[in-house]
Structure formats: C-alpha cells, structure tokens
Amino acid sequence: MSANALPAESRESPWVRFWAQFAQSRLALLGLALLLATIAIALAAPWIAPQNPYDLGKLDLLDARLPPGSVAGSGELTYWLGTDGQGRDMLSAIVYGLRVSLYVGAASGAIALSLGALLGVAAAYLGGRFDQVLMRIVDIQLGFPAILVALILLAVLGRGVDKIVIALVAVQWAYYARTARSAALVERGKEYIEAARGLGLSRLRIVLRHLLPNAAPPLIVVGTVQVAHAIALEATLSFLGLGLPTTEPSLGLLIANGYEYLLSGKYWISVYPGVALLATILSINLVGDQLRDVLNPRLAK
Amino acid sequence: MTVFILRRLLQTGVVLLATALLVFFGLYLVGNPVDILVNPVADEVERARAAAALGLDKPIVEQFLLFLRGAVTGELGTSFVYGRPAMDVILERAPATLELAALAMAIAVTLGLPLGLYAGLRPDSWPAKAIMAGSIFGFSLPTFWVGLLLILVFAVQLGWLPSGGRGPTVEFLGMQLSILHWDGLKYALLPAINLALFKLSLIVRLTRAQVREQSLLDYIKFARAKGLPRRRVIGVHLLKNILIPLVTVIGLELGSVIAFAVVTETIFAWPGMGKLVIDSIFQLDRPVVVAYLMLTVTMFIFINLAVDILYSVLDPRVRLAEAK
C-alpha cells in the first residue's frame with residue numbers, strides 16, 4: 001500500500017518502476033495470474049478440452065445430465081464437471097465458452113477504445129461545434145444504463161457474434177471518448193506539446209506520438225473496467241436470449257441452458273460456467289483496481 | 001434555469017424521436033410479426049386479413065407516421081399480442097417493477113451507507129478490508145448468475161423462500177403491491193436482494209472513497225480542532241458533504257435498477273415491465289417494445305434532470321444556467 005519504500009529518484013526504466021508498484025498488492029498479482037491463466041486456457045481451448053463441444057457426432061444423449069465426476073457410457077472419458085442436457089462435457093463447453101466470452105469482450109473493447117479515443121482526442125483538438133455536438137451525444141448516452149442501450153440495439157439487430165460486438169461497442173465508446181477528451185485537454189496545455197509544436201512537428205505526429213501516449217493511462221484504467229463490464233453484459237444478454245446464437249455458446253448461454261435444470265437440483269450445468277465467468281471478471285477487476293491506484297497521480301505519494 | 005429546462009425538453013424530444021425511429025424500423029427489418037401471430041398453416045388470404053387488422057399492410061413509412069400522430073396525443077398503438085393499448089399493458093405491470101426497484105434500492109442504501117462510512121473511517125481495520133473485498137465480489141458477480149444461486153440455495157436447497165412468481169398483493173393507492181403483504185414480501189425478497197447486490201457494492205465503494213477524500217480536507221480538520229465531538233463532525237459536517245455525489249448516484253441508479261429489472265424479472269418470473277419487454281421482443285410485438293422504450297427513455301431523461309436540479313440545490317456552486 002505505501003509507496004515510500006521507493007527511492008525518491010529512481011533511475012530504472014518506467015516499466016520497472018510501474019511493475020514494482022503494481023506488484024505491491026498481492027491481490028492484484030493473484031488477479032493477474034488468474035487473468036493470464038484464463039487467457040491461456042481460452043487460446044488453447046482446442047488442444048486442452050477433453051471433447052469438442054461443437055461436434056454433435058461426439059455427443060452421446062445417453063450421457064445427458066450426468067453429475068460431476070461421472071464416467072462416459074463409452075468409458076473413454078470422465079466428465080469432471082458433469083454433462084448438460086445434450087450429453088455435452090461441461091468442462092469442454094466451459095473452456096470453449098470462455099474463448100467466446102473473452103473474444104467478444106476483447107474485440108468490443110479494442111474497437112470501442114480506438115473509436116472513442118479517436119473521437120475524444122479529435123473533439124479536444126478541434127473544439128468548437130464538433131466538440132459540443134459529440135459531448136452532447138456522449139452525455140445523453142451515458143445518461144442511460146448500458147443494458148438498456150444494448151437491449152434496444154440487439155432487439156433491432158438480432159443475434160450473432162458480430163451484432164453483439166456492435167452493440168457492446170455502441171455501449172462503450174462514449175466512456176472512452178469522454179476520458180480521451182479530458183485527458184487530451186489536460187495534456188494539450190503542457191509544455192512538451194508546446195515544445196513539439198515549436199519544433200515544427202506536424203499536428204498528426206504531435207497527436208499520435210506525443211499526446212496519445214501521455215493520455216493513455218486513464219484510458220487503460222477505463223479500458224479494464226469496461227472490458228469486465230462488456231464480458232458481464234454479453235453474458236447477461238446471452239442469458240436473456242438476445243446475444244449470441246446457440247451455435248456458439250458463450251458462458252452466459254451455458255448458464256441459461258442450465259437454468260431449466262436448476263429447480264430439479266441439477267446445479268452443475270449453471271453453476272460451473274458461472275464460476276468461470278466470475279473468475280474472469282474478478283481477475284480483470286482486481287488488475288484494474290490496482291492499475292487505477294498505480295496510474296492515478298493524485299494517489300501517488 | 002428556465003433556459004436550461006427548456007433546452008433539456010427540446011433534447012428529450014430529439015432523443016425520443018431517434019429511439020422511436022431506430023426501434024420502429026429496426027424491428028420492421030428483424031421479422032414480420034404476422035409470421036409469429038398467425039397459425040403457420042394459414043393461407044395467404046388469412047395472413048393478409050391479419051396484417052390488415054394489425055395495420056401492417058400499409059407501407060412502413062406510413063405506419064411510422066400514423067404512430068407519430070398517435071404518439072403526440074399519447075396513443076402509442078395497440079399491442080399485436082394482447083389486442084389492447086400497449087401503454088395499458090405496460091402500466092399494468094409497472095407497480096410490480098417499481099416496488100421491486102424501491103425495495104432493492106432501500107436495501108442497498110440502508111446497508112451500503114453505514115458499511116461504506118465504516119470502511120472509509122477505519123480503512124486499515126480488518127472489517128473494512130472484508131467489506132472492500134466483498135464489494136469487489138459484488139461488482140464482479142454477474143447479477144443473473146447470483147439470481148440463479150439465490151434460487152438454488154434459498155428455494156431449492158433450503159426451501160425458505162419461493163423460487164419465483166409474485167405472491168399475494170394488497171391494493172394501495174390503486175396499485176397492487178406485494179411488499180405490503182407478509183406472504184407477498186417473501187416472494188419479493190429474493191429478487192430484491194438480487195437486484196440490490198450490485199448497487200450495494202457501488203454505494204459502499206463510493207461512500208468509502210468520498211469519506212476518505214473529504215476527511216483530509218481542511219473543514220474537517222477545522223471542525224475537529226474546534227473540539228466538536230466526533231459524532232457531530234461525522235454526522236453533520238462529513239455526511240452533508242459526502243451526500244452530494246451520493247444523491248446523484250443513487251438517483252441515477254434508481255433508474256438503472258428499473259432497467260436492470262429486465263434481468264431479475266426474467267430469472268424470478270416476476271410479472272413486471274422488464275419481463276414483458278423481453279417477451280415482446282421475441283414475439284415481435286412492436287407497439288409494446290416501442291412504448292416501453294419511450295416510457296423508460298422519458299423516465300431517464302427526467303431522472304437525469306431531477307438529479308441535476310437537486311445537485312444545484314444541494315451544492316450552491318453548481319449553476320444550471322451555465323451548464324451546456
């Protein structure tokens with residue numbers, strides 16, 4: 001927690017200093033480890049999943065709704081986390097579902113960040129009418145809860161991975177735009193930008209090479225929070241039947257599938273995908289919390 | 001102030017029109033409600049008759065203009081599914097949603113404020129750390145999954161509370177409310193807790209952050225230096241100042257609780273507006289979806305307006321006329 005262990009004038013690179021500050025929280029390190037593990041599992045899904053959950057030929061209906069730890073009828077496989085209503089191995093379904101959830105979260109986050117940062121910096125730089133109109137739109141949109149905006153869009157767009165990414169980008173861009181604008185406004189007035197201008201550098205170069213990197217920290221903080229939100233929102237929308245098609249089950253859809261079995265006590269179909277979802281969101285939030293403390297100059301001592 | 005409110009009202013009109021346009025034409029493109037409403041084996045004549053009865057035989061632009069003409073007089077169309085005015089269908093369900101939202105918000109504030117105060121005043125004590133760890137959990141737990149867990153534990157395993165539906169109600173001011181009825185309250189408890197959890201974490205974190213920021217400021221030091229009792233410093237000086245941002249957030253969150261009720265109502269089969277709109281989206285019942293969104297969007301604009309005005313009353317430094 002306390003930053004006074006650091007030497008007043010350290011000659012290490014900023015990255016080393018950054019890491020030292022980040023690593024001060026055990027909880028954040030745990031979160032980072034969990035996050036990296038989740039990403040690794042999602043990337044390696046085809047190689048580590050015991051079963052291909054999309055290959056209907058591999059599924060055995062006789063194995064449906066088996067509790068965790070059951071052995072498959074064929075005797076080849078143990079269902080460590082049980083099976084769902086179609087005899088699908090839950091562990092495999094979760095590993096693949098994690099892939100979909102993370103992909104949707106990362107893709108929508110990256111697009112929304114680029115779009116929002118671009119518009120926000122442009123608004124700060126151009127000012128005037130463009131700035132006014134853009135910020136008005138941002139204010140209006142942020143006045144509504146994300147779930148309502150996403151609901152409107154998905155009701156209109158229908159289901160699909162691309163559609164949910166569009167809806168999530170539409171929900172998130174405003175946060176990035178507002179953050180980027182205020183960061184850019186602060187940075188624009190600083191001396192190094194004046195110096196760069198004095199050197200006769202082009203406007204584009206100043207914005208991309210000098211202003212953006214310095215405006216990045218708040219964007220990174222907003223980014224971690226938003227990606228966690230996006231993953232949770234996608235799961236929620238998929239649970240409501242508005243997000244992803246059933247052919248590409250994300251964690252939210254897996255939980256929804258288990259809902260009908262819950263009342264008869266077959267908890268594993270809903271509970272385990274939820275644990276995976278919780279672990280993912282929690283790990284991002286833990287990392288994000290620490291990033292905010294490390295990158296916030298107001299808290300620096 | 002007047003200019004500010006007028007400008008806001010104008011903006012409300014623009015946002016409502018944009019929402020109506022988007023939803024109206026979007027749902028038109030998604031599918032034909034006749035396909036869902038009419039018996040699949042019906043012949044062309046029967047389908048045409050059904051389409052004419054619902055006003056769906058006219059070109060979409062004309063349908064939209066007719067809708068707009070009705071909307072100006074407060075008439076938002078007739079539900080395709082229920083055959084009654086869409087607004088009536090929605091308003092019938094409103095008390096169920098509102099009581100759920102109110103109960104959830106009450107739980108979140110009555111628990112969140114004291115917990116946040118404690119965590120902010122003694123940040124290094126172990127209960128404070130436990131509260132903060134709990135709030136990160138509350139933030140990270142997906143609401144709908146918590147709802148399932150609540151059902152699993154309290155309804156299926158323990159059998160203490162019902163798993164869904166709405167219990168007996170009591171009539172109050174013309175509304176059917178279940179929180180005033182002992183058995184009805186049992187039905188409302190799980191969904192309300194589910195809905196409250198996220199807001200509770202939010203209020204705890206916000207209160208703590210505010211307390212920590214404010215207690216370093218000079219006016220607190222001064223109040224303490226004057227020898228005021230600790231209770232008065234916290235209860236009057238500190239609380240007054242942390243309430244300003246809290247009121248904003250609580251006001252805004254009240255609206256978002258109503259919007260988020262969509263999820264909780266679906267899980268607990270709570271017959272409110274949220275469940276209605278989800279069902280209506282699947283049934284392509286355009287008038288109900290459009291009317292619900294118009295209603296919610298209007299509600300949000302007014303909540304935002306009310307919060308802005310309240311803000312200026314609580315904090316004299318905020319002047320509305322200057323806000324663009």
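# Two chains and their helices

Student: Is the crossing of α11(A) and α6(B) left-handed or right-handed?
Tutor: Let's start there, remembering that this is a predicted model. For handedness, we ask whether the near helix is turned clockwise or anticlockwise from the far one. For α11(A) and α6(B), the crossing comes out as right-handed.

Student: At roughly what angle do the axes of α11(A) and α6(B) cross?
Tutor: Good next step! Two packed helices are described by the angle between their axes and the distance between the axes. Here α11(A) covers residues 268–295, and its axis comes within 9 Å of that of α6(B). The two axes cross at roughly 125°.

Student: What does that make α11(A) relative to α6(B)?
Tutor: Angles of 65 to 115 degrees count as roughly perpendicular, and those over 145 as roughly antiparallel. The crossing angle here is roughly 125°. Therefore α11(A), relative to α6(B), is oblique.

Student: Which residues in α6(B) does α11(A) meet, and how many residues of this contact are charged?
Tutor: From α11(A) come L278(A), I281(A), L282(A), N285(A), L286(A) and D289(A), and they meet I136(B), F139(B) and S140(B) in α6(B). By class, this contact has 6 nonpolar and 2 polar residues, and the number of charged ones is 1.

Student: Which element gives the most to the side of chain B that touches chain A?
Tutor: Let's look at the whole meeting of the chains, where 35 residues of chain B are in contact with 31 residues of chain A. Among the elements of chain B giving two or more residues are α6, α10 and α12. By class, this side of chain B has 24 nonpolar, 11 polar and no charged residues. The element that gives the most, with 8 residues, is α1(B).

Student: Which helix gives the largest share of the largest nonpolar core?
Tutor: That core holds 158 residues, and those touching the most other members include I94(A), Y176(A) and A104(B). The largest share of the core is 17 residues, and it comes from residues 90–126 of chain A, the helix α4.

Student: Is L284(B) buried or exposed?
Tutor: L284(B) sits in the loop between α11 and α12 of chain B. Its phi is near 55°, a positive value in a residue other than glycine. Most residues other than glycine have a negative phi. Because L284(B) has 21 other C-beta atoms within 10 Å, it counts as buried.

Student: And how does A269(B) count, with 13 other C-beta atoms within 10 Å?
Tutor: A269(B) lies in the loop between α10 and α11 of chain B, and its phi is near 50°, also a positive value. Being buried takes 20 or more such atoms, and being exposed takes 12 or fewer. With 13, A269(B) is therefore partly exposed.

Conventions. Residues numbered from 1 in each chain as written. Chains lettered and ligands numbered in written order. Predicted model: local features only at pLDDT ≥ 70, side-chain atom pairs only at ≥ 80, totals over all residues. Contact = placed C-beta atoms within 7 Å. Helix = DSSP H or I, 4+ residues; strand = E, 2+ residues; numbered from the N terminus. Nonpolar A, V, L, I, M, F, W, Y, C, P; charged D, E, K, R; others polar. Axes fitted to C-alpha atoms, helices over the stretch in contact; angles between N-to-C directions. Parallel < 35°, antiparallel > 145°, perpendicular 65-115°, else oblique. Core = buried A, V, L, I, M, F, W, Y, C linked by C-beta atoms within 7 Å.
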